[in-house]
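Please work through the following exercises with the sequence and the coordinates at hand. Each task is followed by a solution in steps.

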Amino acid sequence: MTFPQRRPRRLRTTAAIRRLVAESKLDVDDLIAPLFVREGITDPEPIHSLPGVVQHSRGSLRQEVKELRDLGVPAIVLFGVPEQKDAMGSQAWNPDGIVQVALKDLRDDLGDDVVLMADLCVDEYTDHGHCGIVDIYGNVDNDATLELYERAALAQANAGAHVVAPSGMMDGQVLAIREALDDEGHTDTAILAYAAKYASALYGPFRDAVDVSIADGGDRKGYQQDFRNAREALTEIHADIEQGADMVMVKPAMAYLDIIAKARAEVDIPLAAYQVSGEYSMIKAAGANGWIDEDAVSFEHLMAIKRAGADMILTYYSRHIAERLSS
Ligand code: PBG
């Protein structure tokens, strides 16, 4: 047997050559930082299940986004925690609602320096914790809910959002929002659709972050995707693109790299992936116990998400990665 001429290890011999041939890159330009802003507080409040992440006051949010801008992070996505919740989630479209006033603050401070994205859903604002109007049988009424999303989209665009990001998984939500925005002249407001969003237990810490518990021990399996299904994700993504989505998202990320890769193969528009709260907290917890190297694992996971085909990543590690890349 002759020894093989091709020796892949030749290209692994020095750090410089590894850098040269690396297929995937993680850049600060790929990062979208999810941020929480809570009504009625003056100091930021820690979130026990999301170590290092806080519920911001309006003031601390402004400071944080300025610092992210200075670190080169191009985008944030904002979630609101209102003081009042009701059956419809009406604070989601109140012009004085927490996300709307916070968007105005940020637009005043930063203009177009940072892409301001607003998560568009009502679950943070409803007293039952569902992403829409609940009918007498306890189901979320798809078509009635679309009207709420239209109102929220307009309120967010009026407040200065560059991008609205519908996350409720109602059928037809992208088209409804696109038409509502266009009718009011918001033709430049883009839509990042949470297109393939799974009913995942990995959203647990997020629900602490936004003070949401779903009434009667309920779940979102009636509207978010079943994690046994992959082909269905492509159906969802194509539907959202046809309806006018400018960018599409797969969520969660790490356990769904097959979905990201499949989507990348079929989709030419920008593809986002959301490394969700539970993914972040698992790394944090194991790191805090000294069981894994948090810095290395977080970097490896984010790189894997890029390698699978995502153009951009929503991650609670955005600031950490930006600091690491700039040092
Ligand atoms: C819905 C929304 C959720 C997340 C983002 N948007 C929660 C849900 O669908 O239950 C989860 C994000 C995370 O876990 O980090 N507004």
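The exercises below concern a predicted model and treat its cysteines, its nonpolar core and its internal cavity.

**Exercise 1.** Determine why Cys121 is in no disulfide with Cys131.

*Solution.*
Step 1. A disulfide is a covalent bond between the sulfur atoms of two cysteines.
Step 2. The criterion requires the two sulfur atoms to lie within 2.5 Å.
Step 3. For Cys121, the closest cysteine sulfur belongs to Cys131, at 3.4 Å, and this is too far for a bond.
Step 4. Cys131 likewise has the sulfur of Cys121 as its nearest cysteine sulfur and is in no disulfide.
Step 5. The count of disulfides is therefore 0 by the 2.5 Å rule.
Step 6. As to environment, Cys121 is buried at a relative accessible area of 2%, and Cys131 is buried at 2%.

**Exercise 2.** Identify which residues touch the most other members of the largest nonpolar core, and which helix gives the most to this core.

*Solution.*
Step 1. The core comprises 106 residues, and those touching the most other members are Phe36, Ile76, Leu78, Val250, Ile260 and Ile305.
Step 2. Helix H4 (residues 142-159) gives the most, with 8 residues.
Step 3. Leaving aside residues up to four places away in sequence, the contacts of Ile260 include Val250, Leu271 and Ile305.

**Exercise 3.** Characterise the largest cavity and its lining.

*Solution.*
Step 1. Searching the whole structure yields 1 cavity of 30 Å³ or more.
Step 2. The volume of the largest cavity is about 140 Å³.
Step 3. Its lining has 18 residues, and the closest to the centre are Asp123, Lys197, Tyr203, Phe206 and Lys251.
Step 4. Strand E7 (190-197) and helix H6 (204-209) each contribute at least two lining residues.
Step 5. Classified by type, the lining holds 8 nonpolar, 3 polar and 7 charged residues.

Key: Residues are numbered from 1 along each chain as its sequence is written. This is a predicted model: local features need pLDDT of at least 70, side-chain atom pairs count only at pLDDT 80 or more; totals for chains, interfaces and linings use all residues. Side-chain values use heavy atoms; hydrogens and water are left out. On a 1 Å grid over the protein atoms alone, a cavity is a set of points where a 1.4 Å probe fits but cannot get out, and a pocket is an open set with protein on both sides within 12 Å along at least five of seven lines; lining residues have an atom within 4 Å of a point. Grid points are joined across faces, edges and corners, and a volume is the space filled by probe spheres set on the points. Helices (H or I, at least four residues) and strands (E, at least two) are DSSP runs, numbered from the N terminus. Ala, Val, Leu, Ile, Met, Phe, Trp, Tyr, Cys and Pro count as nonpolar, Asp, Glu, Lys and Arg as charged, and the others, Gly among them, as polar. A nonpolar core is a set of buried Ala, Val, Leu, Ile, Met, Phe, Trp, Tyr and Cys residues joined through side-chain atoms within 4.5 Å. Buried means under 20% relative accessible area, exposed over 50%, partly exposed in between (1.4 Å probe, protein chains only). Contact means heavy atoms within 4.5 Å.
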